[in-house]
Amino acid sequence: MIVITGASGHIGSKIAASLLLQGQKVRCVARTAEKLEEFAGKGAEVSTISLADTSALIKAFSGADAVFAMIPPNYKAPDFRAYQNAIGASLAEAIEKSGVKYIVNLSSQGAHLPDGTGPIKGLHDQEVRLNKLNGVNILHIRPTYFMENVLANIDMIKHMGIMGSAIRGDLKFPMIATKDIAKFAVERLMKKDYTGTSVKDLLGQRDISMNEVAGIIAKQVNKPGLKYVQFSYEDTEKGLIGMGFSADVRRLFVEMSRAINEQFIMDIPRTKENTTETPFEEFAKLFIGLLLD
Ligand SMILES: NC(=O)c1ccc[n+]([C@@H]2O[C@H](COP(=O)([O-])OP(=O)(O)OC[C@H]3O[C@@H](n4cnc5c(N)ncnc54)[C@H](OP(=O)(O)O)[C@@H]3O)[C@@H](O)[C@H]2O)c1
């Protein structure tokens, strides 16, 4: 039995689909039953609980050979790191008390740093917390910036004809499709070929700039005028108010953008082992459907 937290999310849903296709016994954990119906229909057990409910989580992890563990975002949290630490502590207690021996923990590039990385700080805390557990094999996967983040530009492209964020337009940095993260996690959850505590960096297919990203999307959707604009940190923080983000989360997002621009989050050298397959050109096909409706 493999248990997947965040099972209706970007990564968890792809892990669940792949494991079910391969005939694995799967238990999907998330709060909203409707978003898990597809997997229930394919034979998955479903556990609609909050990760904050530790006793329910211990039951959900019981009998598992392996768990995909993640701390989902809660952008409304007044103190985001405190929220991450509460969920993180609940996950750690459930791992310990359920006796599960293999954990793939979703972390992030930058999680080696305790500070200055915005929302990644709580993932650093979680790595440290899980590393203290005895007798559990824990693989922390540290993916880079998700290509899916770029989808947040859809409305801006539709209504203003631009895309933008606080990240420098000309800065090449690693970007990954979440399907590449899921593929790696599925292999590890099935093979359980890691011992003790270890870390795996996942840097996507290549380093790419936001200017190039805009150019690729412009070509895909036949909008040659589509350009990327770098917003100031102040404007970015104000812009996030409209998305309902708490003041703390807005500040953390700006801190992370600054860390990307100053290149101290994504400073791992690219190798064959940390490079994955999906190029942005393939991911960008998604924009065709999304921008035509
Ligand atoms: N975006 C990036 O560039 C990036 C890069 C590196 C690492 N990360 C990390 O990746 C993680 C996000 O992964 P993702 O994009 O796959 O997630 P996601 O798409 O936001 O999905 C979140 C999942 O968690 C569930 N969930 C949310 N709150 C919950 C709660 N309190 N209890 C139980 N389930 C809950 C959601 O379903 P319900 O709402 O129905 O419960 C959903 O299944 C974060 O830890 C983030 O820091 C992100």
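A residue counts as exposed when its relative accessible area is over 50%, as buried when under 20%, and as partly exposed in between. Keep those cut-offs in mind for this tour of a predicted model.

**Stop 1: two loop residues**

Select N222. This residue sits in the loop between α8 (210-220) and β12 (227-230). Is N222 buried or exposed? Its relative accessibility is 65%, so N222 counts as exposed. Now check the backbone. Phi of N222 is near 55 degrees, a positive value in a residue that is not glycine. Most residues other than glycine have a negative phi.

Move to Q263. Look for it in the loop between α10 (247-261) and α11 (280-283). Q263 is not a glycine either, yet its phi is positive, about 60 degrees. Its relative accessibility is 47%, so Q263 counts as partly exposed.

**Stop 2: strand β2 and its partner**

Select residues 26-30, strand β2. Five of the five residues are buried, so β2 is largely enclosed by the rest of the structure. Turn the strand and inspect each face. On one side are V26, C28 and A30, all buried. On the other are R27 and V29, buried as well.

Add residues 2-5, strand β1. Which way do β1 and β2 pair? They pair in the parallel sense, over four bridges. To find one of the bridge partners, pick I2 and look across to V26 in β2.

**Stop 3: a three-strand sheet**

Next, show β7, β9 and β11. They form an open sheet in the order β7-β9-β11, and the pairing is mixed. β7 (145-146) and β11 (207-208) are the edge strands, each pairing on one side only. Zoom in on β7 and strand β9 (residues 173-176): the two run parallel and are joined by two bridges. Label Y145, then find M175 opposite it in β9.

**Stop 4: helices α1 and α7**

Finish with helix α1 (residues 10-21) and helix α7 (residues 178-191). Their axes come within 8 Å and cross at roughly 50 degrees. That makes α1 oblique to α7, because the angle falls outside the ranges for roughly parallel (under 35 degrees), roughly perpendicular (65 to 115) and roughly antiparallel (over 145). The crossing is right-handed.

Show the side chains at the contact. From α1, select H10, I11, K14, I15, S18 and L19. From α7, select T178, K179, I181, A182, A185, V186, L189 and M190. Color them by class: nine are nonpolar, three polar and two charged.

Key
Residues are numbered from 1 along each chain as its sequence is written. This is a predicted model: local features need pLDDT of at least 70, side-chain atom pairs count only at pLDDT 80 or more; totals for chains, interfaces and linings use all residues. Side-chain values use heavy atoms; hydrogens and water are left out. Axes are lines fitted to C-alpha atoms, for helices over the stretch in contact, and angles run from 0 to 180 degrees between N-to-C directions. A crossing is left-handed if the near helix is turned anticlockwise from the far one by less than a right angle, and right-handed if clockwise. Contact means heavy atoms within 4.5 Å. Ala, Val, Leu, Ile, Met, Phe, Trp, Tyr, Cys and Pro count as nonpolar, Asp, Glu, Lys and Arg as charged, and the others, Gly among them, as polar. Buried means under 20% relative accessible area, exposed over 50%, partly exposed in between (1.4 Å probe, protein chains only). Two strands pair if DSSP finds at least two bridges between them.
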